[in-house]
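Reader: I should like to go through the terms used for this structure and the grounds for each. May we begin once it is shown?

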Amino acid sequence: MLLNEVRIVLVNTSHTGNIGSAARAMKTMGIDKLYLVDPVNQIDSHASALAAGATDVLGNAVVVDTLAEAIGDCSLVIGTSARSRTLSWPMVEPRECGEKLINEAANGPVALVFGRENSGLTNEELQMCHYHVCIPANPEYSSLNLAMAVQTLCYETRMAFLQQQDKPAVEDDTVYPSSQQQELFYEHLQKTLEKTGFIIKQHPGMVMTKLRRLFNRARPEEMELNILRGMLTSVDKLEKQLNKSESDK
């Protein structure tokens, strides 16, 4: 089932009760894959009490140290953001968020990432996401706790899943790279641009952030990303040959 490929990722959650409440919100919408990134406290009896019957979701939760570990094999990652950022990122509405998750879940794991209760996700964490989603709450009182946010977006995901059941199956053989593959590409790109002098290592500025935004918006397929890495490798080889020629003089 497509919902089995949807992964809810909670980053650095402070209160175990919020983890339990989030697990309950997930289970009511038929989603049971919970990943915890560096939680402040481990799951305890308070979490189990607030899970209210969703203790199986808690018991199967995967605890990892970094967000990269939690989303490494995901081809689509959507991060929740409640505040404006210095550099805008592709945004989706909650309904579109659910549709994108379900559409791509047909090809493998996808992730919906929630940040810390008091400060959300860092800019670096948000840059690891393809899209950002913001719940359009009352601007005069937009305070949503973690479980409420999880419930709202899991509901939209379930609605997208139910709507898809009524539609004829459409085959889509598009294969997107995993988050880990993308990160390896960004590392390769940065190293190559540093070698050519396009990026000054001591003063990198916003170049890589803007390039991340560009490629996340373009969403290259796995084969296209391989072509891009091949291009970078050809530049690396040429740069190495030029350096060797200079040293041989």
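Reader: Which residue is the bridge partner of Arg7 in β6?

Author: In β6, Ala111 is the bridge partner of Arg7. The model is predicted, with local features requiring pLDDT of at least 70 and side-chain atom pairs counting only at pLDDT 80 or more, while totals for chains, interfaces and linings use all residues. Residues are numbered from 1 along each chain as its sequence is written, and side-chain values use heavy atoms, without hydrogens and water.

Reader: What makes β1 and β6 a pair of strands?

Author: Two strands pair if DSSP finds at least two bridges between them. Strand β1 (residues 6-11) and strand β6 (residues 110-114) have five bridges, in the parallel sense, and so satisfy that criterion. Strands here are DSSP runs of E with at least two residues, and helices are runs of H or I with at least four, numbered from the N terminus. β1 also pairs over five bridges, in the parallel sense, with strand β2 (residues 33-37), where Tyr35 stands opposite Val9.

Reader: Why are β3 and β5 said to stand at the edges?

Author: The order of the open, seven-stranded sheet is β3-β2-β1-β6-β4-β7-β5, with parallel pairing. β3 (62-64) and β5 (91-92) each have a single partner strand, so one side of each is left without a neighbour in the sheet. For β3, three bridges join this strand to β2, and Val64 of β3 stands opposite Val37.

Reader: Why is Glu183 called buried?

Author: Its relative accessible area is 17%. Buried means under 20%, exposed over 50% and partly exposed in between, with a 1.4 Å probe and protein chains only, so Glu183 counts as buried. Glu183 is found in helix α8 (residues 179-196). Leaving aside neighbours within four places in sequence, Glu183 is in contact (heavy atoms within 4.5 Å) with Met128 and Arg212.

Reader: How do you know that α5 is oblique to α7?

Author: The axes of helix α5 (residues 94-105) and helix α7 (residues 146-165) come within 8 Å and cross at roughly 55°. Angles under 35 degrees count as roughly parallel, over 145 as roughly antiparallel, 65 to 115 as roughly perpendicular and the rest as oblique. The crossing angle therefore makes α5 oblique to α7. Axes are lines fitted to C-alpha atoms, for helices over the stretch in contact, and angles run from 0 to 180 degrees between N-to-C directions.

Reader: Which residues of α5 and α7 make the contact?

Author: Among them are Pro94, Leu101 and Ile102 of α5 and Leu153, Ala160 and Phe161 of α7.
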